[in-house]
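The following note is offered for the attention of a colleague reviewing this entry. Please read the numbered points with the sequence and coordinates at hand.

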Amino acid sequence: MKVQLILPMLCGMASTASATEKPQNVVIILTDDLGFSDIGCFGGEIETPNLDKMAEQGIKMTQLYNSARSCPSRACLLTGLYPHQVGVGGMANAKIAIDPKKPVGYAGFRTDNNVTIAELMKEAGYYTAMSGKWHLGVQKPTERGFDDYYGLLGGFNSFWSTKPYSRLPEGAPELKSEGTFYATNVITDYAIDFARKAHKQQKPLFLYLAYNAPHFPLHAPKERIDKYMKTYLQGWDKLRDERFKRIVRSGLLQGTPELSPRGEVPGSAFVKEPHALPAWDSLTPEQQKDLARRMAVFAAMVDIVDENIGRFMKELKILGELDNTVIMFMSDNGACAEWHEFGFDKKTGVEYHTHTDDELDNMGQPGTYHHYGTGWANLGCTPFTLYKHYAHEGGISTPCILWKGGKNKAKGTINHTPCHFTDIMSTCLDIAGSTYPETYKGRKLEKADGVSLLPAFEKKPIKQRVIYAEHEGNRMVRDRKWKLVSAQYKGNDWELYDIETDRTEQHNLATQHPGLVEKMSKMYAKWAKKCHVGREAQELPRNKATHILPDTWMRDPYIVIGPDDLYYLTYTNGKMEMPVWKSSNLSNWEKIGEAYSMNRLSFYDEIQEKGKTVKKEEPVKLWAPELYYLNDRWCAVHTSSYRASAIITSETIDFKTFEEPMGNNFGHHHDPSLFKDTDGTIWLVDRCAEITKLKPDLSGFAGKPVKINPANRKMGHEGCQIIKVGNKYVLFGTAWSRDSLRKGTYNLYYATADKIEGPYSDRRFAGRCLGHGTVFRDKKGQWWCTAFLNGKYIAPEELVKGVDAGTASSMNLQGLTLVPMSIEAVDGDVMVRALDPHYCLPGTEEMQQFTITQ
């Protein structure tokens, strides 16, 4: 399509019509995968004269946070709600509106509890239009309040082909194309056409101009790419230092800024282990040319976006609308580091090719598909840590410019107030003179917590509030100057930063302020529960413990895989009942039905009557439940506070109805566990350790109890369990490290034998603070151990320094902790160890001496 590429001066241009008295036009300009420092006025070397001029005339907002990735940020921006509240905590499904298999916070863009800016601006009398990338699932923009739409309904596609781009509503007139199609130009053509339409209708304009640039695939005209090749051959190290110097000189950071070190390639579904980014000078000349060309294409795309913003603003000036317009410019997330330092080709992933000679000239042209990789994303996020996907500053900080025509007291200022995409809704409604309703078209709306940014134009303070973020397990709480943040691939340990003095997150203050960490983590947990934040299917770290279900009080957690290939979790809850949860991935958990309690047993009254002599009128308490799937039925075993235990079976996992194959004849077994041997024999294991053979239908005992213990010393009575590895039996049990009740840490130990009846080896160390945890193997063969808070919580770093002899200490937080384990046959025996370094070694207070082989 033929377009005129002009770089207009935004000031002093003669207007052909005067601004009317109608409400101000509102234009939101969103870019895609643009890093914090990619544009000139935020420190970048890419030529962006129009955005630079906007910044000179407007306000640079240095701490506007997005939601770390495309779909969540767009849902958040348009609704004024956190993305999980509207079902877009992850990526929207392009095929189904709501996916019933996913948790509500991730199931798809909801229509029942939210309203879009477009819908409310339309009610306020605005003509509403969108041009650009939608990326919110099967719902269409014209179904969510936009009168007109042109653009890319999905997430990313070619910039050279017309096919992926749609005009809505169906049948609406399309602009005639002329010359070579390039998406950024045509998206702007439609934005201009929509502005003309609003002007003709004499209505104020609400325009959402959402460029899909500079997201991959990286596409741009060759001559524009060539313009930047010399620049990027200098490499990411030199350019990053230069960006940082410009950022500091321009006052974009508070305090005494520090440049974060050259970044790393994070662990991901594509990269198993994180590794440091290479120095530019360590690359071969061929690699440098290939990577420089990739970045040159990216820069050309940003250059063209800027040029088109200038073209659009020139049209507003011609229409006489510019002086009556408020423009907000931003990016949907930080720079995209997917998935390693060399980028990728052909499709998203790790496959790439080092282009040489004539191949370099063809990069970015029709039919190609490239991305620039982690090294350039590290440049894009200068001076911050991490990238898109993450809640650290590099992932959620957007370059933001607020601009308005006419009088602006804050012209050319920098504003460091922490703000969020949820504030855009409030700002738009403030401009329109409207308010956020409690209901819309008969549906009750979630309350929007955003605040208006308009006071910034009057040099007045913007109301501050607590801001939250979560994506793929990466979490953040921002409360004025303090920020609590974690990264999933690092094990999700909370880090604490004073952002006023340490914007680049170089000095973790978590150990200096444990009370503040606890307070803010509780704030996060409360917000997460309110907003349906959980976890999408993701790979849990294989070398660090993962903390799950932080709001759930539990003891004795036990996990098993069911016949439907789902994970099932049970535990003792605060009411001393047995709840059951299910999950497809170990990270998302959904509660099933009502919790089972002992008062449903047919012999409950007998237990209660016997218990009165010991515990007076106190009701029976259920302890240590475990789940199994045996003989095509669900089976649960548990003990109680009244020297009574039970074994129950049911056709359904919720145990709404169940049978008692032994009734009260099962007797008392402390923390009973079942083990099905390879020959089909089912054994009862309890008291750590005693085993008794059961009848195949569980209706009774098939033999007498057999005592089994480690050769050198006993294990505690809780958490007993047997697994089989090859031909070896492994007996697990627990004990306090100081050999005294509730003193030291509650640990997991094990012994091995060639026969289930023994004899067993000496007691060995399996894991610290894993007492009463149980091991299980996931669907991919990885071993895990469940863990929970048992005693006073002490941070792992502090726990390794020693334990007070008079306390019960734990490094586990409330909820469920999953600790990756290594359980493998070695030289005719079985070796067991925790893979998280905090759990793998005994403490200095341990009474038994062990020889640990790392």
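1. Asp-357 is placed in the loop between strand S10 (344–345) and helix H8. The model is a predicted one, and that applies to every point below. With a relative accessibility of 63%, Asp-357 falls in the exposed class, for which the threshold is over 50%.

2. Which residues gather with Asp-357 in a patch of negative charge on the surface? The patch consists of Glu-286, Asp-357, Asp-358, Glu-359 and Asp-361. Helix H8 (residues 358–362) supplies the largest share of this negative patch, namely 3 residues.

3. How many disulfides does the model contain? The count is 0. For Cys-71, the nearest cysteine sulfur belongs to Cys-76 and is 13 Å away. A disulfide requires the two sulfur atoms to be within 2.5 Å. In the case of Cys-840, the closest cysteine sulfur is that of Cys-769, and no bond is possible because the separation is 12 Å, which is too far.

4. The two cysteines Cys-71 and Cys-840 may also be described by their accessibility. Cys-71 has 0% relative accessibility and therefore counts as buried. Cys-840 has a relative accessible area of 11% and is buried. The cut-off for this class is under 20%.

5. Cys-71 belongs to the buried residues of H2, and the setting of that helix deserves a remark. Why is helix H2 (residues 70–79) described as largely enclosed by the rest of the structure? The reason is that 10 of its 10 residues are buried. Among them are the charged residue Arg-74, the polar residues Ser-70, Ser-73 and Thr-79, and Pro-72, Ala-75, Cys-76, Leu-77 and Leu-78. Just after H2, Gly-80 adopts a positive phi of about 75°.

6. Two cis peptide bonds should be checked by the reader. One joins Phe-216 and Pro-217, with omega about 0°; Pro-217 sits in the loop between strand S6 (205–210) and helix H5 (222–232). Another runs from Gly-758 to Pro-759, with omega near 5°. Pro-759 is located in the loop between strand S35 (744–753) and strand S36 (764–767).

7. Positive phi values also occur at residues that are not glycine. Asp-556 has a positive phi of about 55° and is part of strand S22 (residues 555–561). Its relative accessibility is 6%, so Asp-556 counts as buried.

8. Arg-742 likewise is not a glycine and has a positive phi of about 55°. Its place is the loop between strand S34 (728–736) and S35. Is Arg-742 buried or partly exposed? At 39% relative accessibility, Arg-742 is partly exposed.

9. A final point concerns Tyr-596, which lies in strand S25 (residues 590–596). Tyr-596 has a relative accessible area of 1% and is therefore buried. How far are the C-alpha atoms of Tyr-596 and Gly-758 separated? The two residues are 162 residues apart along the chain, and their C-alpha atoms are separated by 35 Å. Gly-758 is the residue that precedes Pro-759 at the cis peptide bond of point 6.

Terms used: Residues are numbered from 1 along each chain as its sequence is written. This is a predicted model: local features need pLDDT of at least 70, side-chain atom pairs count only at pLDDT 80 or more; totals for chains, interfaces and linings use all residues. Side-chain values use heavy atoms; hydrogens and water are left out. Buried means under 20% relative accessible area, exposed over 50%, partly exposed in between (1.4 Å probe, protein chains only). Helices (H or I, at least four residues) and strands (E, at least two) are DSSP runs, numbered from the N terminus. Patches are made of residues with over 30% relative accessible area and no salt bridge: like charges are joined within 9 Å, nonpolar side chains (Val, Leu, Ile, Met, Phe, Trp, Tyr) within 5 Å. Accessible areas come from the Shrake-Rupley method with a 1.4 Å probe; for residues, only the protein chains shown count as cover. A salt bridge is a side-chain nitrogen of Lys or Arg within 4 Å of a carboxyl oxygen of Asp or Glu. The place of a charge is taken as NZ of Lys, CZ of Arg, CG of Asp or CD of Glu.
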